[in-house]
Amino acid sequence: MSDPKVASLTERLGDILSDVSQTTDWADDDREDAPKPATNTDKNVKEGGKENEKEENGSGSQGPLHESKYDVQVTLADPNSPLYSVKSFDDLGLHADLLKGIYAMKYTKPSKIQERALPLLLQNPPRNMIGQSQSGTGKTAAFVLTMLSRIDFSVDKPQALALAPSRELARQIMDVVQEMGKYTPVKTAFAIPDAMKRGEKVQAHLVVGTPGKTFDLIKTRALDPSGVKVFVLDEADNMLDQQGLGEQSIRVKNTMPKTCQLVLFSATFPEHVRTFAVKFAPNANEIRLKQEELSVESIRQFYMDCKTEEHKYEVLVELYNLLTIGQSIIFCAKRDTADKIAQRMTAEGHRVDSLHGKLDTAARDRTIDEFRSGKCKVLIATNVIARGIDIQQVTLVINYDMPLTQQGDPDAETYLHRIGRTGRFGRKGVSINFVHDDTSRRQMESIERALHCHIVPVQTDDLEAMESTIKEALKSHANP
């Protein structure tokens, strides 16, 4: 039975979001091809092998990048090496066909991370790289450009390999490869389940895959790694921190030639994973952000008090009209929960889809493609798409269940990745957490402390207070 208070809440929230989305700071001047005013904020301080740079909004970079405020630290494996930066892709000595692909993607100049990372990634002889960078700063473009620039297109064998923790992220990386390399003769292949026929040999120049399938192809000699020049591990913290993925990634890495350049990129690197990553990619240059600076500034975070698990579902259903203002992702802890919510909402006439690792490959591809195209507005998912997936129309993320580690502890890093699915590339976004008991409240408060963020309560039983709270939060955020 519908809760009239929640229904009224939906209407008011929808009005608030619609109103705010039409202000100049929330509207289409944040689109990827909109010009940004240039500022002169490039202040560098060198100290030994490190360089700190404060990155400011409006750096003059056009293209789908997010230039936010944070300290970028560069640590050179050899402190005596010169530290270069570039202000133009033309300064990198790239082939004209690659430059043509870059500019066709509406990248007019490197982002701040790319200014520092690309000269290090492209140097000869190649050197390993460990990179920590927020989503939307051009991380994927940086390592894809590195892979494409290392390939000898006259040799038909694998020369560049990228691994991702999920099928969805692997397909997204391949989209960037194909767009950036569309003026080159690059041949590409997937190393993901059901992408190749049994017995088929991989002769592509560049391969994007998941760890288990890639190792299977190497083990069965369908993929020859002897010519691989650059090996990229994306979302490396997820790879190395998850049982199974880390071990499989290491097995793949151990088949690479000793001369292979190893590149690890991720938005977050917990200290224990960083220690392992240094062993994984020895003598590496490093680019990282200060740990306390890793947050999603463009996302307003709220939480709703629900009475029970069943009440969480009732509130979600009542919020459906709000979910479809843009596109929304609802994150659940378990596959069964995602499926049950999707089935119930579908039976009640709502258009939603669910996505998790147990779906067959065709269903997973179809679901994410329909969500990308906008055919589906609401996606109910597990953490399979919590990391790295870029869908710019997503304006709202709901944590139906708070994220937990495998040990059952509050997982601030996964929370950061989840809510980062909205507010992509500097756009504004909203996240709402559902709490329904003391345990879920403590989990959320633990994450709030760990990330030094403020999660604003939405009092569903006091609509005037709720409206005032959200309006003030959005207003203060839009006009800092």
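Biologist: Let's start with N433: in which strand does N433 lie?
Modeller: Keep in mind that this is a predicted model. Going by the strand assignment, N433 belongs to strand β16.

Biologist: Is N433 buried or exposed?
Modeller: The cut-off for buried is under 20% relative accessible area. N433 has 0% relative accessibility, so N433 counts as buried.

Biologist: With which side chain does the side chain of N433 make a polar contact?
Modeller: N433 touches several residues further off in sequence, including F302, Y303, M304 and N399. Y415 is on that contact list too. The polar contact, at 3.2 Å, joins the side chain of N433 to the side chain of Y415.

Biologist: Strand β16 also holds F434. What kind of aromatic pair do Y400 and F434 form?
Modeller: Y400 sits in the loop between β15 and α14, 34 residues apart from F434. Both rings belong to buried residues. Their centres are 5.9 Å apart, with 50 degrees between the planes. Planes under 30 degrees apart would be stacked and over 60 edge-to-face, so the Y400 and F434 pair is tilted.

Biologist: Which lysine lies over the face of Y400?
Modeller: A charge counts as over a ring when, among other conditions, NZ of Lys is within 6 Å of the ring centre. At 4.6 Å from the centre of the Y400 ring, the lysine is K312.

Biologist: And which ring has K253 over its face?
Modeller: K253 is placed 5.5 Å from a ring centre. That ring belongs to F280.

Biologist: How many aromatic pairs does the structure hold, then?
Modeller: One of them is Y400 with F434, and another is F89 with Y107. The total comes to four.

Biologist: What is the geometry of the F89 and Y107 pair?
Modeller: F89 is in the loop between β3 and α2, and Y107 in the loop between α2 and α3. Both are buried, and together with Y103 they form one aromatic cluster. The ring centres are 6.4 Å apart. With 75 degrees between the planes, the pair is edge-to-face.

Biologist: Over to the nonpolar side: how many residues are in the largest nonpolar core?
Modeller: Nonpolar side chains tend to be buried together in soluble globular proteins. Here, V144, M147, L148, M180, L206 and I385 have the most contacts inside the core. At least three residues come from each of domain 1 (72–289) and domain 2 (296–476). The count is 62 residues.

Biologist: What does V144 touch, leaving out residues up to four places away in sequence?
Modeller: V144 is among the residues with the most contacts inside that core. Its partners are I173, V176, V177 and M180.

Technical notes: Residues are numbered from 1 along each chain as its sequence is written. This is a predicted model: local features need pLDDT of at least 70, side-chain atom pairs count only at pLDDT 80 or more; totals for chains, interfaces and linings use all residues. Side-chain values use heavy atoms; hydrogens and water are left out. A nonpolar core is a set of buried Ala, Val, Leu, Ile, Met, Phe, Trp, Tyr and Cys residues joined through side-chain atoms within 4.5 Å. Buried means under 20% relative accessible area, exposed over 50%, partly exposed in between (1.4 Å probe, protein chains only). Domain bounds come from an automatic or database domain assignment. Contact means heavy atoms within 4.5 Å. Rings of Phe, Tyr and Trp (its six-membered ring) pair if their centres lie within 6.5 Å; planes under 30 degrees apart count as stacked, over 60 as edge-to-face and the rest as tilted. Helices (H or I, at least four residues) and strands (E, at least two) are DSSP runs, numbered from the N terminus. A charge sits over a ring if NZ of Lys or CZ of Arg is within 6 Å of the ring centre and within 35 degrees of the ring normal. A polar contact is a pair of N or O atoms within 3.5 Å; within protein, one must be able to donate a hydrogen and the other to accept it, and residues adjacent in sequence count only if both atoms are side-chain atoms.
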